[in-house]
Amino acid sequence: MLLHLSTWPEVETYLEQSQGMILPIGSTEQHGPTGLIGTDAICAEAIAKGVGEQVKAMVGPTINVGMALHHTDFPGSVSLRPSTLMLVIRDYITCLTKSGFTKFFFINGHGGNIATMKAAFSETYAHLSDLNIKNADLVQCSVGNWFMCSSVYKLAKELYGDREGSHATPSEVALTQYVYPEAIKQAPLSENVASGYKIYGATDFRRRYPDGRMGSNPALATPEHGQKFYELAVKELSNSYLEFLSSD
């Protein structure tokens, strides 16, 4: 059940049965010469919709722009500052808490969001405690990083080995190819790809990772692989959501 395709009476009826919501969050950033700029948001949104269908949960609007400041020397990359993203998450949760939601399960597609999200949850709990909102003390937030699902990680290693890398990976590119087969990109990729450098500022990042990849070979990706990653992530995160929903 998608929030943006629902009416307010439908949401009200849903809340009589469940106070849980799934929120996809990703990023809008470069993913090498062949990866779509919207990769992280595309993956999170597709999997969130799949989980929502599987567990009959409400799925909220995707947060498409995340914390990706280190990618902004590449054209097309868009980022929020950590402090801005924290406020976005806080305001999402505050509004939805006023509606009656108390369990927020974020399906995340971007590693750079994780630290900011955890800080945002702490800020949100403190913020809600200062407001006179019914059930604000019951609000709980959790993150499911699809790319860190054990079944996804295992398959990526089986298919790609060390060529999975850590950014513009064949696994995430494969998933976008499955979701948007009409948008598959081709480009020459150097066999030598940088890896192992720490992440600092945007200029330094592009100097160390000149084509945007981090140890990855996305040329190995196929839509068929993407379907497998999708199915594994939906299954694992559906179980995670139900466990979170039933926890105290």
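Two residues are in contact when they have heavy atoms within 4.5 Å of each other. Keep that in mind and select F106: leaving aside residues up to four places away in sequence, F106 touches L23, I25, I63, I89, I93, M117, F121, S142, V143 and G144.

A quick word before moving on. You're looking at a predicted model, where local features need pLDDT of at least 70 and side-chain atom pairs count only at pLDDT 80 or more, while totals for chains, interfaces and linings use all residues. Numbering starts from 1 along each chain as its sequence is written, and side-chain values use heavy atoms, with hydrogens and water left out.

**Stop 1: strand 3**

Now select residues 103-108, which form strand 3. Strands here are DSSP runs of E with at least two residues, helices are runs of H or I with at least four, and both are numbered from the N terminus. Is strand 3 enclosed or open? Six of its six residues are buried, so the rest of the structure largely encloses it. Buried means under 20% relative accessible area, exposed means over 50%, and partly exposed is in between (1.4 Å probe, protein chains only). K103, F105 and I107 sit on one side of strand 3, with F104, F106 and N108 on the other.

Add strand 1 (residues 20-25), which runs parallel to strand 3 and is joined to it by six bridges; strands count as paired if DSSP finds at least two bridges between them. Here F106 turns up again, as the bridge partner of L23. Then add strand 4 (residues 140-145), also parallel to strand 3 over six bridges, with N145 opposite N108.

**Stop 2: the core**

Next, pick I47, I89, F104 and F106, the residues with the most contacts inside the largest nonpolar core, which has 52 residues. Such a core is a set of buried Ala, Val, Leu, Ile, Met, Phe, Trp, Tyr and Cys residues joined through side-chain atoms within 4.5 Å. Helix 8 (residues 223-246) gives the most to this core: seven residues.

**Stop 3: helix 5**

Select residues 150-160 for helix 5, where V152, L155, A156 and Y160 are buried. Look down the axis: these buried residues fall within an arc of 105°, so they line one face of the helix (the arc is taken over directions from the helix axis to the C-beta atoms). They pack against helix 6 (170-179) and helix 8. Spin round to the face turned away, and you'll find the exposed S150, Y153, K154 and E158. Just after helix 5 comes G161, with a positive phi near 60°.
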